[in-house]
Amino acid sequence: KRCIALLPKTRRKSRRSKPESNHEEMFQSASKTWRHRASFTILLTSLGLTQITAFSTSPTSQLRPSPLLAIQTLASSSKTLTSAASSSSSSSSALTMSSTDTESWAKLQSAASATAVGAALDAESDARKNGTGAPFVQNKLRLFGSEERPKLTLYRDHAGWCPYCQKTMLLIEEKQIPINIELVPMRSYGDKPQSFLQMVPSGLLPALLVETSDGRKQVITESQVIMELLDQWHPVEDGFRQMMPNESDAKGMQRYNELARLERELFSWWCTLIFRPESRGAGGFFGKMMGSEDTGMSVAMQGFLDCLSKVDDALASTSGPWFFDFADYPTMIDFIFVSHVERMLASCAFWKGLNLRSEKYRRQFPGLNAWLDAFEKRECYLAFKSDYYTHVKDIPPQYGPGYDGGFDNDRIEHQKSITGRDGKSWTLPLDFDDALQPLYRGPPLPLCVLKAAGIVGDNGIVGGEGTSYEKADPVKMAEASRNMAGWKLAGNGQNVSVFFCVDGALFVTLTIVRMYNHC
């Protein structure tokens, strides 16, 4: 319903009309009227196509850097599937997506699975169903070697939009807590099931259902409470990772509490900067009277950057990339910060022209950027990380509209890049990397795919975690990406066919048909 509601009205009226015969004319007409990129994103999401980008971090992770990459990747992946499928079927029927022939989809799926990458993804998919395998945004069970059925169930958002669900999942993955997971829509994109509302009348996510040994059940809400309880219930003495300073460590607990307050201060400045119109700083005649210089920055911008400097200082004060030195992995306070900092990066670039990952700000905030670099080398973080386009579309329904401001020239440039209006970021042939959202500072594909394709990381290990892939073989990377894209599309074939029966989706249908036939 959301997809149809967003379609241009002229196309909606023709849902029941007989299709025109001139497909090229229809394509051109639809191209002109299809201006709302959010419509396109939601359509692709409903198909699962947002999960097959060449640069995704897991078989169904969010897009990096744009939804259109999913479609663009298909143009290349179809060549691989055509070659594999041609030995058992005619070339004219194997890749023409004008029917719901399940046999042809099955052949494509078989061809995709016959590749080394496809076989690795099949094995990974089976492992996830059994509660093992790699971190994944839609996992329903995590066992981490436990042979018992978990008595904990986490209810989190289905699409991976919620920052509070994200930080909770990061704790679970890094601490390796056995748990059941149920996916529930957020209010911003769906209705919550009545069964969930009966259990959690407020509808808050995340929510933790605890089953006691005597069969009683209790529901806990609020991410911070859930995270602290999970940490207490799974202590170091039982083999779990330490996530907070010891209670006997007065200085450590004081630092933790100070950092928690700093995170709230940073969040407050971010909300002021993004979700309110900017006002100029103390410049001009009044500023000179007060002894201030006109920096060209708003009060909100200056306050946000000053607060970021405090965060950077806190990170620079430790010997490693994290907020605490007692572990060589991220801990509780790192998760509390990163879920919102991730959204700050996207929103500041899009609405304020502030690219905090640029060389300029890498020099200004070295601790912050080293911390982000370390996160982007960890598989569990990449499994839940979203791209800038997704965030600038999912932030307004949750927080309200963002206001344009900041550095106008950079803002306009970044907005065009993120939305594909720059004529290159969403246009074939694609650049190997993305200047605004570099893809190779960590594993750009699932580790199982990198291993199957024999892609060597910058540390010399095939398909390894904890390293960048900036020096990896671009030819192998492109081939692995095409194979993964084809595997994902073929595995979702029947849903694609059913959805394309809706005449309102004609633009997307013809786009893919034209690219398949052209290839």
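Are Glu 376 and Arg 357 buried or exposed? Select the two residues: both are buried. The model on screen is a predicted one, and this tour comes back to the pair after a stop at the cysteines and another at a helix.

**Stop 1: the cysteines**

Begin with Cys 165. The structure holds zero disulfides. Cys 165 is accordingly in no disulfide, and its nearest cysteine sulfur belongs to Cys 162, 3.4 Å away. A disulfide needs the two sulfur atoms within 2.5 Å, so the 3.4 Å between Cys 165 and Cys 162 does not qualify. Show the surface around Cys 165: its relative accessibility is 1%, so the residue counts as buried. Then select Cys 448, which has 18% relative accessibility and also counts as buried, because the cut-off for buried is under 20%.

**Stop 2: Glu 173 and Arg 142**

Next come the charged side chains. The count of salt bridges in the model comes to 15. Select Glu 173 and Arg 142 for one of them: the closest N and O atoms of this pair are 2.9 Å apart. Colour helix H9, residues 163–175, to find Glu 173, and strand S1, residues 141–142, to find Arg 142. The two residues are 31 apart in sequence, so their salt bridge ties together separate parts of the chain. Glu 173 is buried, and Arg 142 is buried as well.

**Stop 3: Arg 357 and Asp 373**

Move on to Arg 357 and Asp 373, whose side chains meet in a salt bridge with an N to O distance of 2.9 Å. Arg 357 is in the loop between helix H15 (332–352) and helix H16 (359–364). Asp 373 is in helix H17, residues 366–375. This pair links distant parts of the chain, 16 residues apart. For Arg 357 the relative accessible area is 6%, which makes it buried; Asp 373, at 13% relative accessibility, counts as buried too.

**Stop 4: Glu 376 and the network**

Keep Arg 357 selected and add Glu 376. These two form a salt bridge, with the closest N and O atoms 3.0 Å apart. Glu 376 sits in the loop between H17 and helix H18 (379–382), and the pair links parts of the chain 19 residues apart. This is the pair from the opening question, both members buried.

Finally, add Arg 362 to the selection. Which residues are linked with Arg 362 in a network of salt bridges? They are Arg 357, Asp 373 and Glu 376. Display the four side chains together to end the tour.

Conventions. Residues are numbered from 1 along each chain as its sequence is written. This is a predicted model: local features need pLDDT of at least 70, side-chain atom pairs count only at pLDDT 80 or more; totals for chains, interfaces and linings use all residues. Side-chain values use heavy atoms; hydrogens and water are left out. Buried means under 20% relative accessible area, exposed over 50%, partly exposed in between (1.4 Å probe, protein chains only). Helices (H or I, at least four residues) and strands (E, at least two) are DSSP runs, numbered from the N terminus.
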